[in-house]
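This report describes selected side-chain contacts, surface patches and spatial proximities in one protein structure. The sequence and the model are shown first.

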Amino acid sequence: MASQDWFEKDFYATLGVAQDASEEDIKKAYRKLARKYHPDKNPGDTSAEQKFKEIGEANQVLSDPQQRQEYDAVRQMARGGARFSGGAGGAEDVFSSMFGGGGGSGYRTYSSGAGGQQGINLEDLLAQFGGAGGGFGGGGFSSGFGGPRQRAAQRGEDVEARASITFRQAVEGSEVRISDGDGQSFTARIPAGVKDGQKIRLRGKGRAGFGGGPNGDMILHVSVGADPVFGRDGDNLTVELPVTFAEATLGATVQVPTFDGKSVKVRVAPGTPSGRSLRVKGRGVKTKKAAGDLIAKVHVVVPKELTDEQRQAVETLAAGEADPREELLAKARQAAS
């Protein structure tokens with residue numbers, strides 16, 4: 001800002017709030033106006049772009065408690081709280097009391113017109129505070145007297161957002177519409193292989209910067225839904241593979257569904273128990289780095305109903321089987337003795 005901006009600009013009026021407005025009121029007013037005048041919403045509208053810069057400048061000052069206090073003090077002087085006039089009780093006395101100077105502080109006076117009242121030269125006064133008579137660059141006074149601090153280009157704030165996507169979108173990648181904190185929406189690319197709860201940084205999609213500074217980023221929290229067929233273990237896809245008692249006992253070649261809606265054949269070895277995993281290479285989650293595998297977990301299905309012939313065959317099988325729990329019971333008895 002120029003050296004006199006804080007004297008001349010009413011930031012409260014710019015945001016449309018009262019001087020005693022709370023921090024929350026200021027934040028709400030800024031966001032409402034930022035949505036209205038955002039350049040993305042008003043392409044090619046120079047007046048909207050200027051308005052957006054003005055409300056950003058006002059918010060930068062009023063949202064900072066220290067800067068707001070300093071701004072209020074400067075505005076109070078501008079309204080006459082500390083009179084810029086000569087004579088007793090004038091500016092020299094005011095600043096003498098503020099900064100310990102004597103009546104002959106050396107401030108040059110200016111004339112308001114022929115025969116008019118004499119006052120302090122504002123540029124000289126500001127120069128006493130660490131400035132150079134002219135402008136102060138990008139942000140109020142220098143810190144030479146503890147007043148408003150000079151601000152260089154400032155990066156915009158980061159913002160957070162959430163996106164809920166399907167399991168398939170997470171595995172294959174997708175584009176989703178995201179709304180930022182100012183009510184603007186845009187399309188974001190979700191990379192293939194994103195995990196539930198993962199955070200994605202979207203560069204430049206945060207709050208607008210000030211004074212030529214870059215925009216902040218958006219931190220996108222991703223929530224992934226469940227799939228009725230497949231699960232996930234890292235970059236591997238998992239699937240429950242039901243096999244019959246006979247297939248598990250005698251061995252068989254069975255079909256396993258793949259994520260693309262097709263299937264592959266896998267060999268179930270004779271005597272395969274429930275819970276054993278069969279691996280299909282390269283049929284898992286495909287990312288830029290590699291592709292995971294498809295893990296088929298065997299689940300032996302026990303028939304609920306048997307024909308007389310089937311029951312007789314199972315009874316014959318059972319008669320010739322050893323007790324599979326004998327070793328387990330022996331270990332338990334040994335441990336307890």
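## Charged contacts, aromatic pairs and surface patches

Asp293 has a relative accessibility of 9% and therefore counts as buried, the limit for that class being under 20% relative accessible area. The model in which this value was computed is a predicted one. Asp293 forms a salt bridge with Lys281, and 3.9 Å separates the closest N and O atoms. Both residues lie in the loop between strand 12 (277–280) and strand 13 (294–301), so the bridge ties together parts that are 12 residues apart in sequence. The two partners belong to opposite classes of accessibility: Asp293 is buried, whereas Lys281, at 65% relative accessibility, counts as exposed.

### Salt bridges

A search of the whole structure finds 14 salt bridges. One of these joins the side chains of Glu57 and Lys9, with an N to O distance of 3.0 Å. This pair links distant parts of the chain, since Glu57 belongs to helix 4 (residues 46–62) and Lys9 to the loop between helix 1 (5–8) and helix 2 (11–15), 48 residues apart. Glu57 counts as buried because its relative accessibility is 17%, and Lys9 counts as partly exposed at 30%.

The side chains of Asp158 and Arg155 also meet in a salt bridge, at 2.9 Å from N to O. Asp158 is partly exposed at 36% relative accessibility; Arg155 is likewise partly exposed, with a relative accessible area of 40%. Both residues belong to a network of salt bridges that links Arg155, Asp158, Arg201, Arg203 and Asp217.

The three individual bridges described above are listed here.

| Salt bridge | Closest N to O distance |
|---|---|
| Lys281 and Asp293 | 3.9 Å |
| Glu57 and Lys9 | 3.0 Å |
| Asp158 and Arg155 | 2.9 Å |

### Aromatic pairs

The structure holds 4 aromatic pairs. Among them is the pair of Phe230 and Phe259, which is edge-to-face, with 5.5 Å from centre to centre and 70 degrees between the planes. Distant parts of the chain are linked by this pair: Phe230 lies in strand 8 (residues 230–233) and Phe259 in the loop between strand 10 (252–257) and strand 11 (263–268), 29 residues apart. Phe230 is buried, with a relative accessible area of 8%, and Phe259 counts as buried at 9% relative accessibility. Elsewhere, ring pairs link Phe11, Tyr12 and Tyr71 into a cluster.

### Charged patches on the surface

Which residues gather in a patch of negative charge on the surface? The patch consists of Asp20, Glu23, Glu24 and Asp25. Of these residues, Glu23 lies in helix 3 (residues 23–37) and counts as exposed because its relative accessibility is 52%.

A positive surface patch is formed by Lys27, Arg31, Lys32, Arg35, Lys36 and Lys41. Arg35 is placed in helix 3, while Lys41 lies in the loop between helix 3 and helix 4. Their accessibility classes can be stated as well: Arg35 is partly exposed, with a relative accessible area of 32%, and Lys41 is exposed, with a relative accessible area of 52%. Helix 3 thus contains Glu23 from the negative patch and Arg35 from the positive patch.

### Proximities between residues separated in sequence

Arg35 also takes part in a proximity between separate parts of the chain. Its C-alpha atom is separated by 9.9 Å from that of Asp180, although the two residues are 145 residues apart along the chain.

Leu33 is likewise placed in helix 3, but this residue counts as buried because its relative accessibility is 16%. Leu33 and Thr14 are 9.6 Å apart in space from C-alpha to C-alpha and 19 residues apart in sequence.

Ile219 lies in strand 7 (residues 218–224) and counts as buried at 13% relative accessibility. The C-alpha atoms of Ile219 and Lys199 are separated by 6.4 Å, with the residues 20 apart along the chain.

Key. Residues numbered from 1 in each chain as written. Predicted model: local features only at pLDDT ≥ 70, side-chain atom pairs only at ≥ 80, totals over all residues. Heavy atoms only, no water. Patch = residues over 30% accessible without salt bridge, like charges linked within 9 Å, V, L, I, M, F, W, Y side chains within 5 Å. Areas by Shrake-Rupley, 256 points an atom, 1.4 Å probe, with all protein chains shown as cover. Salt bridge = Lys/Arg side-chain N within 4 Å of Asp/Glu carboxyl O. Lys, Arg positive; Asp, Glu negative; His and termini not counted. Charge placed at Lys NZ, Arg CZ, Asp CG, Glu CD. Helix = DSSP H or I, 4+ residues; strand = E, 2+ residues; numbered from the N terminus. Buried < 20%, exposed > 50% of the residue type's maximum accessible area, 1.4 Å probe, protein only. Phe/Tyr/Trp six-rings, centres within 6.5 Å; stacked < 30°, edge-to-face > 60°.
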